[in-house]
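Reader: I should be grateful for guidance on how to read this structure, beginning with the whole chain and ending with single residues.

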Amino acid sequence: MAMQHHDLGLSQADVTGEWSRRAFLKASAVAGGGLLLGLYLPKAFAVSGNDDSWTLNAYVRISADGSIRIMSVAPEIGQGIKTSLPMVIADELDVDWTQVQVEQAPVMPEVYGRQSAGGSRSTPVHFDEHRRIGAATRQLLLTAAAAQWQVAVAECTTAHGQVIHASSGRTLGYGALAAAAAQLPAPTLASVTVKADDQLHLIGQFTSGVDNEAIVHGKPLFGIDIEVPGMLYAVYQKCPVFGGTVKKANLAEIEKLPGVRQVLVVPGNQDFYGLDGGVAIVADSWWQAQKARQQLQVEWHDSEAAGQSNHGFDQQATVLQAHPPLQILRQDGDIDAAFTSAAKVLEAAYYYPFVAHGQLEPMNCTAQWHNGKLTLWAPTQNPVSGQKQVAKVLGLKEQDITIHVVRSGGGFGRRLFNDYMAEVAWISREAKAPVKLLWSREDDFQHDFYRPAGYHNFKLALDGQGKLVAFKDHFLTFGENGQPLLAAQMSRDIFPAGFIPNLQYGASLIPAHIPTGWLRAPGSNALAWVFQSMLDEAAHATGQDPLAFQLALLANPQSSSGSFNPQRMTAVLNVVAERSGWGNKVAAGHGLGIACYYSHAGYFAEVVEASVIDGKLQIHKVWAVGDVGKYIVNPSGAMHQVQGSILDGLSQALYQEVPIDNGAKLVNYHQHQMLTMAEVPEVDVEFLKTDYPTTGLGEPALPPVIPALCNAIFAASGKRIRRLPIKDQLLS
């Protein structure tokens, strides 16, 4: 049942962020093709004046009073994309942000192209095309004004939502031109010219999120707020053992309880990515459904996950690591000869656990079944995939399913999986009523798609000058049917591959039947820690400065390292060292740790200052420097993404793990802690603006902070962290 990224409509670049410049340009070109369809909507759709406004294309609607409505094509999960992408159109359209209202676009991938949120890809996929859509729309308005004035288009300019004919002093607002502009043939996106950098007035400006006021005032906004007339409420009880199905339950007793309308057994098929088996209780209120659930008694058919546990995984890892890897991911040079002639050999074993997403808004979805058609209001990161999944589960045509994407209270990759959509769709059809399904917090933690755990066994060889001459990693990951579980793979090009003459990356699989998936910075959130910690170990073992050690590696490439650009990484390392005062003396008990990582097309280097005094850890400050290309569209959102990523990473490092023992032994936040306000350090953020394509920021700032913290702990205390979470290891 191991699921692959393409099953959810995601590419390898979505998952790993391994984007070359070539891949970026290719993706942009493909997306641009989709948007050409969007710009040239049939006139019946594109032009309508029934509410005193005119649709110039699928993205822009202008009212007579000059107000502008711009469609946001990607799901908003807190990453700020609902603000930043419309800013791009508004800038090229030459309108003030106060004139703009933002609406969530309907799910129409044939018009809008990619409509998912994941892999930090919304900005790189849509940025260039959105600029061109704004420019093309502005061109329509210029053409309409020039025709009305009987002057050449070249004589006209725009500013603040107006077309200006400077020589005659005439102006016309966009609202007065929209009707005529909507009738004109649209220019091709390739033919329009976007603004020069010094003409941009919104891109690069701190801009408040379009939903901020509604959030502050508690207005209905999120999926959990959806209300539909005649709606019932559902809870869903699943087997504690992953993939278990219902044998029997006290359905008749539950049906008699107050408010309960129906009790439904969902057969399920042990497919984590289809419709998992369970018992649904439908009632007049969620409270009544949840109270009835407390009296529900279910006897389950267990699945292959029965008997699986952390203890058992540790035992299997011990056996596997004593043997050669079952698969060689990469082999450079003569690894055996290099170890034979080495001046120094280091060995170390690292382990990281399964981790849950822990998003604040629990899984929920509302469905309305009517005359063989289904409408869903879904807080999802991937509505197109959800539509396919629901269609498959219910045997419907995709065109008979309408999905309204609503804001999510956190995603971090969890809402790329649409199990809750399939569940509520099935329940609504059986109940023959609109139904809101709301998971409890306990449901969320116990039935997540976890970040996979992993074991790494390193062996490094250094010559007499302390230079790395050989590097081996035997990666023990989790799999099923001979394939790695979702998000349990490792790239062959992960740094320092390509910078050491003799290198071997190998992998072996530990059989497991556990739902796994992508967690913010998937793969990288764990791999950065083990590789950057091991390089720090090598530097200290040979008496070298860790920064100088990394810079020397980056300056001496040996072979292909995929899309990784060492010059960009060198630049962020140098700047973060300067900002953090790397090399300066720190207080007694304090230490600085440095780490860098390339993921999701972004380059980040980070320094953590931490102290360890009497076994108590305090994180004092984090410096982060990133290179995500030429434009930072909304510095407010960008800063928050970096800060949030760093706090997320610190929480993972300090506290978070999912114990497995016949299922997940985890029920709430007290077992999966996040940093408290008192623990949050100061975070200093700097972006390097380069001439590379603009890329995303939801993920690449997270991976380096975990090794930077652990390296700082070593510098402060001499204690090397090789097993996460840290928890109370410093007390020993």
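Author: The dialogue below goes from the whole chain to one helix and then to two residues. This is a predicted model, in which local features need pLDDT of at least 70 and side-chain atom pairs count only at pLDDT 80 or more, while totals for chains, interfaces and linings use all residues. Residues are numbered from 1 along each chain as its sequence is written, and side-chain values use heavy atoms, with hydrogens and water left out.

Reader: How many helices and strands does the protein chain have?

Author: Helices (H or I, at least four residues) and strands (E, at least two) are DSSP runs, numbered from the N terminus. The protein chain has 20 helices and 26 strands. Its radius of gyration is 27 Å, close to the 27 Å that the globule rule gives for 732 residues, so the chain is as compact as a globular protein of that length. That radius is taken over C-alpha atoms, and the rule is 2.2 Å times the number of residues to the power 0.38.

Reader: What share of the residues of the protein chain count as buried?

Author: Buried means under 20% relative accessible area, exposed over 50%, and partly exposed in between (1.4 Å probe, protein chains only). Of the 732 residues, 62% count as buried.

Reader: How should one read a helix, taking α13 as the case?

Author: The expected span of a helix is 1.5 Å times one less than its number of residues. For the twelve residues of α13 (residues 383–394) this should give 16 Å, and the end C-alpha atoms are 16 Å apart, which agrees. Nine of the twelve residues are buried, among them Pro-383, Val-390 and Leu-394. The cover over the buried residues of α13 includes β15 (364–370), β16 (373–378) and α14 (419–431). After α13 comes Gly-395, whose phi is positive, near 70 degrees.

Reader: Which residues does Phe-127 touch?

Author: Contact means heavy atoms within 4.5 Å. Not counting residues up to four places away in sequence, Phe-127 touches Leu-85, Val-88, Ser-122, Ile-203, Tyr-631, Val-633 and Thr-694. Phe-127 is found in helix α6 (residues 122–149) and is buried, with a relative accessible area of 7%.

Reader: Where is Gly-581 found, and is Gly-581 buried or exposed?

Author: Gly-581 is found in the loop between α18 (566–580) and β23 (590–599). With a relative accessible area of 19%, Gly-581 is buried. Gly-581 and Leu-189 are 392 residues apart in sequence, and their C-alpha atoms are 47 Å apart in space.
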